[in-house]
Amino acid sequence: MRKLYEGKTKDVFALEDGNFRLKFKDDVTGENGVFDPGANTVGLTIKGIGKGNLRVSTMFFEMLKKAGIPTHYISANIKNGTMDVKGAKAFGQGLEIICRYRAVGSFLRRYGAYVQEGDKLNAYVEATLKDDQRGDPLVTLEGLEALGIMSAAQFAEIKKSTQKITALISDLLQEKGLELYDIKLEFGLDRVGRVMLIDEISSGNMRVYKDGRVMAPLELTAALVGDGENP
């Protein structure tokens with residue numbers, strides 16, 4: 001096993017069979033010690049959140065597998081804090097897709113002259129370039145095409161898949177009395193050029209509210225999978 005990349009919340013290793021292993025860490029994104037799934041820096045370290053995010057991700061990836069949605073997920077080892085995944089080709093140098101049900105976070109900061117916090121957004125989908133130096137700039141479909149990152153057809157497929165995935169996750173959360181405000185997803189291409197969901201699906205990349213307040217990552221993880229060692 002060879003380390004390829006050291007990320008903010010996960011390290012990536014190459015396996016001999018051509019697949020990859022993700023090692024989940026206890027770091028989460030945020031600013032000034034405050035959790036923010038849309039931030040492009042590590043904001044704080046939360047003991048146990050790495051395995052918690054892995055358990056939540058495993059639960060959601062298994063759910064998507066049953067729904068027939070293509071993902072990079074192969075298997076997970078909760079004890080070791082790792083997930084084995086298929087290889088994926090990134091769009092450009094990396095792209096984040098955000099699906100928003102309510103106005104909060106960076107959306108509210110950008111468009112606060114037009115919306116109030118918590119206003120409904122009807123599964124609005126937007127894309128940002130993964131570029132820490134430039135603050136993960138927002139990019140339009142026309143921009144993605146002009147930069148040669150993806151085609152209009154690929155973006156349409158990703159948008160449709162994003163809204164379907166988000167709806168499934170939102171429905172599961174609603175069964176537990178929780179409300180999804182927004183979620184950050186990533187997509188890539190498999191070995192034959194098909195679009196698939198990659199990265200993780202965890203408390204670290206979504207905002208979920210309960211009784212009108214945002215849930216902390218560990219609180220959300222506990223609500224989804226409890227405190228045990230198995231997903």
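Two residues are in contact when heavy atoms of the two lie within 4.5 Å. In the predicted model described here, Thr221 touches Ile49, Gly52, Asn53, Val56, Ser203 and Gly226, when residues up to four places away in sequence are not counted. Thr221 is part of helix H5, which covers residues 217-225. The relative accessibility of Thr221 is 4%; because the limit for a buried residue is under 20%, Thr221 counts as buried.

The protein chain as a whole contains 5 helices and 16 strands. For 231 residues, a compact globule would be expected to have a radius of gyration near 17 Å, and the value for the protein chain, 17 Å, agrees with this. Along the principal axes, the C-alpha atoms fill a box of roughly 50 × 45 × 35 Å. Of the 231 residues, 50% are buried. When contacts between residues at least 6 apart in sequence are considered, 56% of them join residues at least 24 apart.

The accessible surface of the protein chain amounts to about 11800 Å², and carbon and sulfur atoms account for 49% of this area. Positive side chains number 32 and negative side chains number 32, with the centres of the two sets 3 Å apart.

Several of the strands can be described by their pairing. An open sheet of 3 strands follows the order S5-S4-S6, and its pairing is antiparallel. Strand S5 (34-35) and strand S6 (42-45) form the edges of this sheet; each has a single partner strand, so one side of each is left without a neighbour in the sheet. Strand S4, residues 27-31, is joined to S6 by 3 bridges, and the two run antiparallel. Within this pair, Val28 has Leu44 of S6 as its bridge partner.

Further antiparallel pairing involves strand S3. Strand S2 (residues 10-14) and strand S3 (residues 20-24) are antiparallel and are joined by 5 bridges. Lys10 has Phe24 in S3 as its bridge partner. S2 and S3 form a hairpin with 5 residues between the strands, in which Gly18 adopts a positive phi near 95 degrees. S3 also pairs with strand S8, residues 82-85, through 4 bridges in the antiparallel sense. In this second pairing, the bridge partner of Lys23 in S8 is Thr82. Strand S3 is thus bridged both to S2 and to S8.

Conventions. Residues numbered from 1 in each chain as written. Predicted model: local features only at pLDDT ≥ 70, side-chain atom pairs only at ≥ 80, totals over all residues. Heavy atoms only, no water. Rg over C-alpha atoms; globule rule 2.2 N^0.38 Å. Buried < 20%, exposed > 50% of the residue type's maximum accessible area, 1.4 Å probe, protein only. Areas by Shrake-Rupley, 256 points an atom, 1.4 Å probe, with all protein chains shown as cover. Lys, Arg positive; Asp, Glu negative; His and termini not counted. Charge placed at Lys NZ, Arg CZ, Asp CG, Glu CD. Pairing = 2+ DSSP bridges.
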